[in-house]
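This report describes selected features of a predicted model. Please consult the sequence and the structure shown here while reading the sections that follow.

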Amino acid sequence: MKIATKIRILASALALVTALTVGWVMYAGYRGSIASLEREVLQQRVEADVFRLEEAFNEISHDIRFLEGLPEVRGFANGSSRSRRELGDDLAGTFVQLLKAKPHYAQVRLIGAANDGAELVRVDRAGEEVVLRGEQELQRKGHRNYFQETSGKLRGEIYYSEIDLNREKGKVEFPKRPTLRVAMPVYDQGEAFWGIVIINLDFQGFAREFIGTSRERFAHYLCNSSGDYLVHPDEGKVFGFDLGERFRIQDDYPGFADFIASGDDGMTLAIESGGQSDGLWFHLQRVKPRGSEKTYFYGVSARFDEVVSAFKSTLFRTALIGMLLCVFAFLGAVGLSLLITKPIERVALAARRLGEGQDDVDLPYQRKDEIGVLASSFKDMRQSIRDQECAILDANDKLTQANLDLKHFSHISSHELREPLTRIAGLASLLEREVGGESGAAANGLAKSVKREAASALQQITDFRVFSHLGAGASVREPVDLAALVREVLNEFQSKLEERKALVALEDLPVVEGYRNLLRVLYRNLVENALKYSERDAFSLRFTCVGSGRDAVLGVFNTGSSILPEYQGSLFQIFTRFHRHVEGTGIGLSICKRVVECHSGEIWVESKGDSVHIKFRLEEKENDDTEN
């Protein structure tokens, strides 16, 4: 991939990531702000309602204290000089005025401890009217819980009953009348319990006035200390504990269970539906009337549908704007990258055309930035390449001429050396035939030595010519079947191998790309080397191959000879001989090394015991770590 394309992709990706990141930050921030605002609005509403509710309870506490402190009540308890009828009439008038002033009060009574808690004064609300009950309608309440529990209170303490359904003669009234009873004990002058004064609160009317009704997006709840519903949008769930079936807030909303058991003041819960809250929140607050041991839980659930709708609309517009920004950013990034990368492409084109041998590309030298510096550097490099190319061509011409002169000199030298050596060998042969007798035997031996040395010199000159001309004309590689090539070489040495009773073996040799004539020279020299240096007959001669392709390690293994470790490093140097008793010129293995190097390979020797294994690789791998 071109660097210009990479720059465009990178610039476009950065623009896209930036736009998406900004969009996500806007979305997350806006959503978090909306959620925080929803919770804050709901908490403030609940706190305001709780404040009104606590003030209402404080008002009831104030009224019951007012009633307990009335002179008429003190007159009943302390035995006033006025008659009980007069005291009752005056007290009844006060009770009537209180009920008229407080529409949610259902009943106000004065109950004495005597006669099993007999009611002394009782005023009831009957519909829209306030009714004073006569003596025949008064009842005894000494057995009721609220009377017994109030009688245990100290002077000045207020008793709050549980909020439950009103009962008459032990049975729940229908229609249902949820009632809260607030009472105070009345003591006489001797601090003896005399009776109670009590207000029955119409809780249904009280709830409508101070709690409100569930409507629109808000739903109101009130629970007792156990979590039983006292107020609920579904009337069928209220006061279930009085009707034999309990409905509790912690059962409907398990998230509130720990809060109810704890002492925390409030908790906000996101109510999920279908895996999402959808703007539905529920805040529950603990309520504890002043001077009372009772605890209630007041809560409001709110659905912020219109806020969620507005948020989704804003989100859609934000996403649309974000997409447009992405498109503009992408186009801008592409345009900017084109502006930046076009000069780079010109420099790249110049480099490519220079590699093709052309030199006609205009470069942006006039730019003052890094691209201008790169273009100027490229210009200098191009001129430097021209100068070096001229120098190389000149040196190559001189080297070619020197090689020609050397080749000519070697040809003349070898020819001039061969002629006298040939004549010396001929004269030695003639001398060997003409000389006889004992003196002739000595001369004959001397003539043989001269002949042998002359032949050795001739062989050395021949090998030197082969070594100096090795590779000439071998410019084209071709597929070479090494197995067939080795068999041809073995045919040349068949008589010698049979004479030495050599055990020949060929492994699975591959077909390689190489110079056929040079590979033939390589194997001929290795076979000849094995025949020459194996010190015993019936030796093994094996042509090996390990691996395949460029990993293939070829070789010639023979027994009957060995090479000491200290000599293995210099084995392939020219004119190197370690066995002076064996005829040779010391060039054979150097020729093998030269052939392998012509194939860009490497050659080495391994010798253990009485065996020698010459291995070679015809094309050396890059970063080759193979151990041999």
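## The second largest pocket

In this predicted model, the second largest pocket has a volume of about 400 Å³. Its lining comprises 15 residues, and those closest to the centre of the pocket are Arg 85, Gly 88, Leu 120, Glu 135 and Leu 138.

Two elements, helix H3 (84-101) and strand S2 (119-126), each supply at least two residues of this lining. Helix H3 gives the most, with 5 residues. Sorted by class, the lining of the second largest pocket holds 7 charged, 6 nonpolar and 2 polar residues.

## Strand S9 and its partners

Strand S9 spans residues 193-202 and is mostly covered, with 8 of its 10 residues buried. Strand S1 (residues 105-112) runs antiparallel to S9 and is joined to S9 by 7 bridges. Within S9, Ile 196 stands opposite Ile 111.

Strand S8 (residues 178-187) also runs antiparallel to S9, and 9 bridges join these two strands. Val 182 has Ile 199 in S9 as its bridge partner. S8 and S9 form a hairpin, with 5 residues between the two strands. In the turn of this hairpin, Glu 191 has a positive phi of about 60°.

Strands of a sheet pair through backbone hydrogen bonds, in either a parallel or an antiparallel manner.

## An open sheet of five strands

A sheet of 5 strands is open and follows the order S16-S18-S19-S21-S20, with mixed pairing. Which strands stand at the edges of this sheet? Strand S16 (503-506) and strand S20 (602-608) occupy these positions; each has a single partner strand, so one side of each is left without a neighbour in the sheet. From one strand to the next, the twist averages 15°.

Strand S19 (residues 553-559) and strand S21 (residues 611-617) run antiparallel and are joined by 6 bridges. Leu 554 has Phe 616 in S21 as its bridge partner.

## Helices against the sheet

Helix H13 (residues 482-492) packs on the sheet, where H13 touches S16, strand S18 (540-546) and S19. The direction of H13 makes about 160° with that of S16.

A further helix, H15 (residues 516-533), lies across S18, S19 and S21. Relative to S21, helix H15 runs at about 170°.

## The cavity lined by H15 and S19

How many cavities of 30 Å³ or more does the count give? The count comes to 1 cavity, and the largest cavity has a volume of about 30 Å³. The residues that line the largest cavity are Leu 526, Asn 529, Ala 530, Val 556, Asn 558 and Ile 614.

The elements giving two or more residues to this lining are H15 and S19. The largest share, 3 residues, comes from H15, the helix that lies across S18, S19 and S21. By class, the lining of the largest cavity divides into 4 nonpolar and 2 polar residues, with no charged residues. In the lining of the second largest pocket, by contrast, 7 residues are charged.

Notes:
Residues numbered from 1 in each chain as written. Predicted model: local features only at pLDDT ≥ 70, side-chain atom pairs only at ≥ 80, totals over all residues. Heavy atoms only, no water. 1 Å grid on protein atoms, 1.4 Å probe; cavity = no way out; pocket = protein on both sides within 12 Å on 5 of 7 lines; lining within 4 Å. Points joined across faces, edges and corners; volume = space filled by probe spheres on them. Helix = DSSP H or I, 4+ residues; strand = E, 2+ residues; numbered from the N terminus. Nonpolar A, V, L, I, M, F, W, Y, C, P; charged D, E, K, R; others polar. Buried < 20%, exposed > 50% of the residue type's maximum accessible area, 1.4 Å probe, protein only. Pairing = 2+ DSSP bridges. Axes fitted to C-alpha atoms, helices over the stretch in contact; angles between N-to-C directions. Contact = heavy atoms within 4.5 Å.
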